[in-house]
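User: Please take a close look at a single strand and its surroundings. Then place it within the rest of the model.

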Amino acid sequence: MAAAVRISLLVLLLLGPGGWGQAEPPRDSLREELVITPLPSGDVAATFQFRTRWESGGGQPWGQGVSHYRLFPKALGQLISKYSLRELHLSLTQGFWRTRYWGTPFLQAPSGAELWAWFQDTVTDVDESWKELSNVLSGIFCASLNFIDSTNTVTPTASFKPLGLANGTDHSFLRYAVLPREVVCTENLTPWKKLLPCSSKAGLSVLLKADRLFHTSYHSQAVHIRPVCRNAHCTSVSWELRQTLSVVFDAFVTGQGKKDWSLFRMFSRTLTEPCPLASESRVYVDITSYGQDNETLEVYPPPLTTYQDVILGSRKTYAVYDLLDAAVVSNSRSLNVQLKWKRPPENGYIHYQPAQDRMQPHLLEMLIQLPANSVTKVSIQFERALLKWTEYTPDPNHGFYVSPSVLSALVPSVVAAKPADWEESPLFNSLFPVSDSSSYFVRLYTEPLLVSLPTPDFSMPYNVVCLTCTVVAVCYGSFYNLLTRTFQIEEPRKGGLARRLANLIRRARGVPLL
Amino acid sequence: MVDTYFLSQGLTTLAGLLLLPFSSLAASQIEDQAEQFFRSGHTNNWAVLVCTSRFWFNYRHVANTLSVYRSVKRLGIPDSHIVLMLADDMACNPRNPKPATVYSHKNMELNVYGDDVEVDYRSYEVTVENFLRVLTGRIPSSTPRSKRLLSDDRSNILIYMTGHGGNGFLKFQDSEEITNIELADAFEQMWQKRRYNELLFIIDTCQGASMYERFYSPNIMALASSQVGEDSLSHQPDPAVGVHLMDRYTFYVLEFLEEINPASQTNMNDLFQVCPKSLCVSTPGHRTDLFQRDPKNVLITDFFGSVRKVEITTETISLQPDSGVTESSYKKDQMVEELMEPLKYAEQLPVAQIIHQKPKLKDWHPPGGFILGLWALIIMVFFKTYGIKHMKFIF
């Protein structure tokens with residue numbers, strides 16, 4: 001938003017002349033990061049993350065107190081306080097992450113729009129707040145989120161635990177909805193970019209050009225708001241806003257079949273300067289080399305530092321380009337990446353809530369134990385019901401969407417991971433909190449299902465009316481005539497010459513006379 | 001006698017000489033008032049731009065609406081004062097060879113979708129009901145601000161509609177229509193509630209002139225791309241995109257508007273002549289009988305641009321840092337926080353907890369309606385058959 005840019009300029013002016021007092025209040029901070037991951041199929045994935053931490057809204061009860069907006073966008077800050085939100089996660093996605101070809105993503109989102117939120121325990125009517133929240137968000141992000149209502153909202157009981165600080169997890173304060181038919185386009189990207197402190201003028205956000213970002217196999221943009229620990233002892237709370245954008249550039253469509261990638265080829269722009277409001281601005285390139293393919297990744301310009309860590313269960317090496325360090329324009333090349341993971345056996349749990357027509361959808365949650373080296377299929381039988389004729393969309397032959405399924409898994413990792421300190425480690429390593437160091441958490445989504453329901457012929461009412469009216473007119477009309485028509489005998493008239501001539505001819509023919 | 005006559009003559013001439021400056025003053029005042037009357041009395045501008053067609057082969061209707069959106073934004077109306085309704089998504093359509101673009105000229109000369117577009121009503125939200133609610137202001141309270149037409153009695157509103165139409169109706173998304181009578185009644189509601197100062201209605205459909213035939217509220221000027229019985233034709237196809245990019249009338253309107261800048265003095269008479277029959281094939285029409293001012297005194301920027309009253313000052317203003325306020329509040333927060341216990345994050349997949357939890361049952365409500373009636377019937381029949389005195393055999 002323009003307001004954010006103006007406020008950021010005001011902040012820059014204030015920093016110049018005066019200084020803060022001795023006890024400096026914690027300032028909002030911005031960290032931005034771009035991770036470029038070459039994928040096994042020759043495509044390349046780019047993940048942007050912009051994390052704004054809001055220090056002025058902390059303390060218990062959350063959301064109250066002083067509301068100073070320096071880097072944190074006012075539109076979202078007011079949402080948090082008005083609807084007493086504890087967490088908000090909204091994602092808009094086009095395409096599907098092909099895990100078989102591309103590997104495990106950092107953060108996947110379902111096709112369409114997904115919105116889930118945790119409300120605080122002070123909220124009395126959660127459904128009312130949920131409905132108003134989705135309407136306000138539809139205005140902010142120019143998406144049709146106002147179509148979220150009780151027919152596509154569920155209250156999961158086991159998945160979707162809070163991703164931020166939690167004070168008890170009563171699932172009645174959680175709401176989850178997916179709109180699989182939602183389209184993502186520039187009109188959703190524009191307000192998303194305006195929430196960033198530097199908008200799209202400086203730093204990593206200059207790369208966010210719509211005509212390149214939408215020419216991709218997978219495009220997912222998300223907004224995540226949650227409370228996080230302000231310090232290592234976790235005695236105080238601050239709000240964290242993460243804006244993530246993941247795209248996968250197709251090797252054949254955008255890359256013309258070549259596996260050489262550069263920032264200019266991907267985004268048609270290069271990085272020039274960091275965002276002056278950012279405390280950290282980095283580009284990470286995955287340069288893990290693999291013995292099987294005998295292919296090593298070469299990165300130009302040569303990185304000054306590298307970063308090695310266990311990411312999603314395997315050790316990876318990343319080349320780091322710090323924009324705040326020196327003005328460097330970075331290029332990157334492609335490489336094959338392979339990931340393997342195993343699932344530990346667990347006991348089972350099933351929760352099923354059948355649907356009620358026009359009130360709530362089906363909800364099925366299962367905790368399953370899978371045998372090793374096997375394929376498990378889960379199938380559900382369904383019947384196609386008839387809809388009322390006003391419930392059909394203007395293009396019913398397209399079909400109706402069934403929301404994608406969610407798969408949450410704890411995967412044992414080959415290498416033990418140390419619990420990460422969220423301030424020291426990069427952003428992509430602190431998406432999910434790690435409590436048990438022998439496994440990592442991952443959340444995957446399936447494709448949405450497009451079901452073609454039998455579409456009535458909408459011209460039939462007209463045909464039926466015409467046919468029925470004709471039949472009624474013919475039958476009833478005939479009866480009516482028979483019942484109400486009276487027959488009168490007409491006196492034969494004395495004929496003229498013409499009549500006598502005609503009678504003559506008639507007598508000759510043998511036909512009755514006039 | 002003669003002296004008094006000459007004296008009276010002198011007095012009248014003196015009086016005449018004195019009256020002359022007063023009369024010239026009065027004449028200039030009348031001139032000012034006359035000028036005020038011919039200048040519009042609006043203080044803000046709004047635009048409602050509607051594309052009513054769905055499906056890829058109606059790409060040109062989305063391009064029409066976006067080209068008017070682009071002109072209106074360029075001439076100064078901000079996004080907060082524009083309600084843009086697009087019934088289908090062409091830019092990110094899987095059939096679009098250049099995603100995130102909508103072109104108006106062939107060979108991809110002009111991308112009217114741009115990088116800074118905000119669509120307020122899209123896809124299934126573009127319905128006759130939502131359109132009429134936006135116009136009349138009878139909107140549910142949960143609607144966000146960007147989806148409302150918050151005009152007042154000093155607003156000039158531009159309404160542009162395009163799609164497929166016929167004699168007296170305009171088709172919305174292939175499933176419903178709006179008639180010219182409904183539209184006229186909606187405008188009358190707007191007039192009764194003083195939701196506009198002046199209204200310019202432009203429509204680019206087949207037989208578009210039929211849509212403005214029934215207007216009866218004052219201060220409405222209407223333009224249409226074709227008369228009753230004529231079809232509006234499309235302009236040119238693009239071989240790369242594969243569909244027609246624009247309609248003829250809006251194409252020439254766009255070319256005309258590209259010449260306009262916010263300080264332009266071009267008036268409405270030029271807009272009426274923008275597309276002669278040789279270029280448009282159909283005959284564009286217009287209606288000005290309900291409009292109070294003469295069209296030659298109405299500027300294009302009265303409707304397509306935005307009124308801004310700017311006062312320039314040369315004095316400098318110094319900004320004071322307000323560190324005192326934040327310091328005290330921070331100290332207060334710090335004291336409160338240090339008393340709290342350390343918090344922790346929730347476990348993402350607590351298997352043991354999930355397995356042992358009981359799913360909450362919904363509250364039990366006594367049966368009502370049909371089930372209640374059925375049970376009452378069964379009980380009544382039972383008692384009728386067996387009688388009350390036989391109850392002792394059961395209990």
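The request concerns strand 1 of chain A, residues 29-38. Which strands does strand 1 of chain A pair with, and in which sense?

Analyst: The account below starts with that strand and then moves outward. This is a predicted model. The predictor gives the complex an ipTM of 0.78 and a pTM of 0.73.

Strand 1 of chain A covers residues 29-38. Ten of its ten residues are buried, so the strand is largely enclosed by the rest of the structure. Burial here means under 20% relative accessible area. Both faces are covered. A:Ser29, A:Arg31, A:Glu33, A:Val35 and A:Thr37 point one way, and all are buried. A:Leu30, A:Glu32, A:Leu34, A:Ile36 and A:Pro38 point the other way, and these are buried too.

Now the partners. Strand 1 of chain A pairs with strand 2 of chain A, residues 44-54, in the antiparallel sense. Ten bridges join the two. Within this pairing, A:Leu30 has A:Thr52 as its bridge partner. The two strands form a hairpin with five residues between them. A:Gly42 in that hairpin takes a positive phi, near 95 degrees.

The other pairing is with strand 9 of chain A, residues 280-286. Here the sense is parallel, over six bridges. A:Arg31 is bridged to A:Glu280 in strand 9 of chain A. So strand 1 of chain A has an antiparallel partner in strand 2 and a parallel partner in strand 9, by the bridge criterion for pairing.

Another covered strand of chain A can be set beside it. Strand 6 of chain A, residues 174-179, has six of its six residues buried. A:Leu174, A:Tyr176 and A:Val178 point one way from strand 6 of chain A, while A:Arg175, A:Ala177 and A:Leu179 point the other way. Strand 6 of chain A pairs antiparallel with strand 4 of chain A, residues 112-119, over six bridges. In that pairing A:Ala117 has A:Arg175 as its bridge partner. Strand 5 of chain A, residues 153-154, also runs antiparallel to strand 6 of chain A, with two bridges. A:Thr153 is bridged to A:Ala177.

Next, the chain as a whole. Chain A has nine helices and 17 strands. Of its 514 residues, 48% count as buried. Among its contacts between residues at least 6 apart in sequence, 73% join residues at least 24 apart.

Chain A also has open parts. Helix 9 of chain A, residues 497-509, reaches 19 Å from its first C-alpha to its last. That is close to the 18 Å expected for its 13 residues. Helix 9 of chain A is hardly covered, with one buried residue among the 13. A:Gly510 follows helix 9 of chain A and has a positive phi, near 90 degrees. A:Ala416 lies in the loop between strand 15 (406-412) and strand 16 (439-445) of chain A. A:Ala416 counts as exposed because its relative accessibility is 61%. Its C-alpha is 9.6 Å from that of A:Tyr440, 24 residues apart along the chain.

Chain B completes the setting. Chain B averages a pLDDT of 86, and 83% of its residues score at least 70. An open sheet of seven strands in chain B has the order 3-2-1-4-8-9-10, with mixed pairing. Its edges are strand 3 (121-122) and strand 10 (285-287) of chain B, each paired on one side only. Strand 1 (44-51) and strand 2 (82-86) of chain B pair in the parallel sense over five bridges. B:Val50 has B:Met85 as its bridge partner there.

The largest nonpolar core has 149 residues and includes members from both chains. A:Phe119, A:Leu133, B:Leu66 and B:Phe304 touch the most other members. Beyond its neighbours within four places in sequence, B:Leu66 is in contact with residues including B:Leu84, B:Leu86 and B:Val102. Apart from this core lies another, of 38 residues, among them B:Ile139 and B:Phe187.

One loop residue of chain B rounds this off. B:His235 lies between strand 9 (220-224) and helix 5 (248-258) of chain B. B:His235 is buried because its relative accessible area is 16%. Its side chain makes a polar contact of 3.0 Å with that of B:Gln236. B:His235 also touches residues including B:His244, B:Met246 and B:Phe251.

Terms used: Residues numbered from 1 in each chain as written. Chains lettered and ligands numbered in written order. Predicted model: local features only at pLDDT ≥ 70, side-chain atom pairs only at ≥ 80, totals over all residues. Heavy atoms only, no water. pLDDT = per-residue confidence, 0-100. Core = buried A, V, L, I, M, F, W, Y, C linked by side-chain atoms within 4.5 Å. Buried < 20%, exposed > 50% of the residue type's maximum accessible area, 1.4 Å probe, protein only. Contact = heavy atoms within 4.5 Å. Helix = DSSP H or I, 4+ residues; strand = E, 2+ residues; numbered from the N terminus. Expected span 1.5 Å × (residues − 1). Polar contact = N/O pair within 3.5 Å; in protein donor to acceptor, adjacent residues only side chain to side chain.
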